[in-house]
Amino acid sequence: MELLSGGEMLVRALHESGVEYIYGYPGGSLLHVYDALYKQSAVKHVLVRHEQAAAHMADGYARATGKPGVVMVTSGPGATNTITGIATAYTDSIPMVVISGQVMSYLVGDDAFQETDMLGLSRPIVKHSFAVRRPEDIPEIVAKAFHIASTGRPGPVVIDIPKDMTMPNERYEYVYPKKVKLRSYTPPQRGHSGQIKKAVELLLKAKRPVIYAGGGVIIDGSSDKLRALVDRLDFPCTNTLMGLGSYPGTGERFVGMLGMHGTYEANMVMHHSDVVLAIGARFDDRVTNATSKFCPDAKIIHIDIDPSCISKTIIVDVPIVGPVGNVLDEMMALLDESNEVPDAEAIASWWKQINEWRQRHAMRYEKNDSQLMKPQEVIEAIWTATKGDAYVTSDVGQHQMFAAQYYKFDKPNRWINSGGLGTMGFGFPAAMGVKMNFPDEMVVCVTGEGSIQMNIQELSTCLQYGIPVKILCLNNGSLGMVRQWQDMNYEGRHSHSYMESLPDFIRLVEAYGHVGIRVTERDQLPQALEDTFGKYNDRLVFLDVAVDPEEHVYPMQVPQGSMRDMWLSKTERT
Amino acid sequence: MRHIISILLENEPGALSRVVGLFAQRGYNIETLTVAPTEDKTLSRLTMTTTGDDRKIEQITKQLNKLIEVVKLVDLSEGPHIERELMLIKVKAVGAQRAEIKRTADIFRGQIVDVSASVYTIQLTGTSDKLEAFIEAIGAGCVLETVRTGVSGISRGEKILSL
Ligand SMILES: Cc1ncc(C[n+]2csc(CCOP(=O)(O)OP(=O)(O)O)c2C)c(N)n1
Ligand SMILES: [Mg+2]
């Protein structure tokens with residue numbers, strides 16, 4: 001029998017739960033825990049410069065590895081600083097365990113120094129949360145937290161630990177549970193066979209089918225199965241913003257991203273389809289446009305692990321609740337057994353139609369005659385420079401959409417962005433979380449001069465731990481996405497969407513001990529990229545690239561329209 | 001339509017706040033809510049009435065089921081069930097009114113549980129409709145105070161909600 005203090009139990013239990021890195025920031029309520037961390041080396045701690053960044057780092061790690069990211073913060077302001085990060089993870093179903101210190105349990109409720117009701121604050125943005133009431137419960141709570149965070153539809157779990165649960169001189173028996181038991185939590189293990197059969201029958205009869213795959217495919221690690229199904233059926237495949245990489249971006253059957261800034265062909269395919277197979281996607285309002293006009297002729301099949309996602313915004317015909325991979329396996333088996341095949345003639349003429357649509361817009365943009373680059377060409381250049389094989393994180397704005405549109409992701413888990421919450425400030429710390437765990441991979445954060453300033457303090461963390469991420473700042477000198485909406489809907493009144501006093505980013509990153517390269521002309525870009533991934537490969541490089549502030553993201557769906565109602569350029573509408 | 005949702009909930013601190021918070025957060029409306037421990041000390045039984053079309057109710061039950069502490073859930077209004085609410089009501093009772101109110105209470109099978117010179121306190125059990133009918137019968141004008149427990153309910157016949 002081993003006796004440990006609460007603080008030691010916490011660290012030990014984290015280790016037993018498979019934790020390698022904790023992203024955190026100490027404070028009064030956690031000092032016993034930090035002391036326990038100091039006395040061991042199995043679990044490493046990364047000291048951030050702002051707790052929000054700790055949450056995003058853990059999140060980036062989780063998105064790239066599929067394993068829960070771990071955050072540790074003190075009570076009060078430490079805890080509240082994580083809220084945006086927790087909400088970001090929650091909205092995108094990312095596994096995360098957040099350990100927040102709390103004041104002594106006997107002070108809770110007294111408005112003690114640095115007391116906040118973390119469980120109350122985080123309640124709407126967590127999958128579950130625990131308050132530690134007895135130190136000996138810590139190992140079991142930790143095990144449960146990891147189980148809940150990482151199974152079913154993943155999400156963040158908060159563990160709130162009052163300081164007196166971690167006293168160094170009070171020791172208890174340490175027992176880490178071999179198996180976690182939760183009578184009220186049993187995520188579905190497989191889909192309903194009858195429903196799967198119905199779905200396969202519908203797919204085999206389809207004349208204008210489309211497979212619409214989202215982040216759930218990546219979370220479930222089922223991209224290979226998605227590819228196999230798409231290729232076997234020879235159906236077109238579109239991805240949501242969260243699903244990019246689940247099907248190869250350069251694949252023949254890929255019609256691009258769908259939705260508000262989706263490709264012309266993806267949105268046309270959706271609108272004209274007769275059967276939609278939605279996999280791990282949730283019919284978000286940024287995808288469907290007006291729900292009443294969504295896919296008017298389609299029968300819809302929907303696979304999702306979360307029953308509450310089904311028929312929430314769009315009523316579906318064949319709901320299948322279950323893990324994506326498992327359901328796809330069953331579908332494949334049924335296809336193997338069946339002696340039916342899709343209607344080759346219908347599918348061929350569908351492809352003919354799709355290929356015509358592909359010609360119409362083809363993600364074209366006009367390059368300037370001057371040396372001032374368009375943001376799109378910068379993304380294309382980075383795609384070429386990284387051979388399409390980098391981990392790309394992004395912030396939020398036009399640069400995010402350009403990255404999603406022009407960087408073709410052939411592998412899952414490589415495109416890391418705050419799709420659901422749209423959190424500016426996410427990209428850089430997320431990139432750090434990825435790079436620390438994949439030191440040999442290229443990790444690029446595509447950002448804007450607005451977003452990067454929301455967590456720029458982490459340049460200091462990067463120096464401390466030697467995290468050579470590459471920051472590609474598409475500097476349009478304005479809050480571009482806001483400005484675009486103001487151009488389109490407010491007669492160009494740019495209310496507070498521009499930045500009058502930008503810092504000199506080069507000198508800023510140099511002050512933090514990193515490399516900054518300014519690119520203001522097209523001709524400078526190739527050399528800058530070569531240096532970034534060549535002579536500065538082991539340094540953090542900040543590429544400050546001037547891009548045309550007048551550029552808009554297109555296509556863009558017309559508000560309240562159907563999927564096919566789009567602006568294709570400033571002057572052209574469908 | 002009005003629905004009666006009955007839940008077996010882990011009897012743990014914070015569980016109730018998650019249920020109530022969910023309603024606030026998603027803009028669902030709670031008309032009544034009752035909660036108390038069950039014969040199994042680890043479980044509470046919670047009954048709530050809410051209104052909404054089928055789609056809304058489906059979302060409500062799915063979202064509730066997602067809460068880790070919700071162990072079992074049933075929409076009682078989907079099948080035959082018994083529902084009861086208890087009301088304590090203080091009414092002005094003076095002069096000729098006293099006998100009249102007593103008679104009305106008898107008709108509704110209410111009991112006068114406390115008496116003062118000018119006030120009756122009546123206890124009444126039944127469906128929400130019945131309680132409202134009673135208030136109407138004695139006239140809202142003489143009502144001084146009401147307190148209602150909110151609806152609790154149970155399925156008819158063999159059907160039970162248990163682990
Ligand atoms: C934390 C946060 N605040 C505000 C917004 C609203 N918002 C969305 S895009 C955007 C502009 C982003 O500017 P920048 O990072 O320069 O990117 P650009 O659109 O110019 O490429 C803003 C303010 C947001 N998404 N997140
Ligand atoms: Mg900008």
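**Exercise 1. The surroundings of ligand 1**

Task: Identify which polar backbone atom lies 2.9 Å from an oxygen atom of ligand 1, and describe the residues that surround the ligand.

Solution. Step 1: In this predicted model, a polar backbone atom of Ser478(A) is placed 2.9 Å from an oxygen atom of ligand 1.

Step 2: Side chains are considered next. His399(A) has a polar side-chain atom 2.9 Å from an oxygen atom of the ligand, and for a polar side-chain atom of Glu449(A) the corresponding distance is 2.8 Å. With a cut-off of 3.5 Å between N or O atoms, the pair formed by Glu449(A) and ligand 1, at 2.8 Å, is a polar contact.

Step 3: The wider environment comprises 17 residues around ligand 1. The closest are Gln398(A), Gly422(A), Glu449(A), Ser451(A) and Gly480(A). Glu449(A) thus appears in this list and also places a polar side-chain atom 2.8 Å from a ligand oxygen.

**Exercise 2. The interface of chain A and chain B**

Task: State how many residues each chain contributes to the contact, and characterise the interface by area, polar pairs and composition.

Solution. Step 1: Chain A gives 22 residues to the contact, and chain B gives 22 residues.

Step 2: About 1,700 Å² is buried between the two chains, and carbon and sulfur atoms account for 46% of this area. On the chain A side, the residues that lose the most area to chain B are Arg123(A), Arg183(A) and Ser184(A), which together make up 37% of what that side buries.

Step 3: The interface of chain A and chain B contains 2 salt bridges. Lys66(B) forms a salt bridge with Asp306(A), with 2.7 Å between the closest N and O atoms. Residue pairs in polar contact between the chains number 14, both residues being at pLDDT 80 or more.

Step 4: Sorted by class, the side of chain A that touches chain B has 9 nonpolar, 6 polar and 7 charged residues.

**Exercise 3. The architecture of chain B**

Task: Determine what order of helices and strands chain B follows, and where its domains lie.

Solution. Step 1: Chain B has 4 helices and 9 strands. Along the sequence these elements follow the pattern β-α-β-β-α-β-β-α-β-β-α-β-β.

Step 2: The domain assignment divides chain B into domain 1 (2-79) and domain 2 (82-152). Taken over C-alpha atoms, the centres of domain 1 and domain 2 of chain B are 29 Å apart.

Step 3: The C-alpha atoms of chain B fill a box of roughly 55 × 35 × 30 Å along the principal axes.

**Exercise 4. The contact between the domains of chain B**

Task: Establish which three residues supply 59% of the area that domain 1 of chain B buries against domain 2 of chain B, and which strand gives the largest share of that side.

Solution. Step 1: The area buried between domain 1 and domain 2 of chain B is about 480 Å², with 57% from carbon and sulfur atoms. Arg2(B), Thr32(B) and Thr34(B) supply the 59%, more than any other three residues.

Step 2: Between these domains of chain B the count is 1 salt bridge. Arg2(B) forms a salt bridge with Glu83(B), the closest N and O atoms lying 3.0 Å apart. Across this interface there are 3 residue pairs in polar contact, both residues at pLDDT 80 or more.

Step 3: Strands E1 (2-10), E2 (32-37) and E3 (43-51) of chain B each supply at least two residues of the domain 1 side. The largest share, 3 residues, comes from E2(B).

Step 4: By class, this side of domain 1 of chain B has 2 nonpolar, 4 polar and 1 charged residues.

How values were computed
Residues numbered from 1 in each chain as written. Chains lettered and ligands numbered in written order. Predicted model: local features only at pLDDT ≥ 70, side-chain atom pairs only at ≥ 80, totals over all residues. Heavy atoms only, no water. Domains from an automatic or database assignment. Buried area = accessible area lost by both parts, 1.4 Å probe. Salt bridge = Lys/Arg side-chain N within 4 Å of Asp/Glu carboxyl O. Polar contact = N/O pair within 3.5 Å; in protein donor to acceptor, adjacent residues only side chain to side chain. Nonpolar A, V, L, I, M, F, W, Y, C, P; charged D, E, K, R; others polar. Near = heavy atom within 4 Å. Contact = heavy atoms within 4.5 Å.
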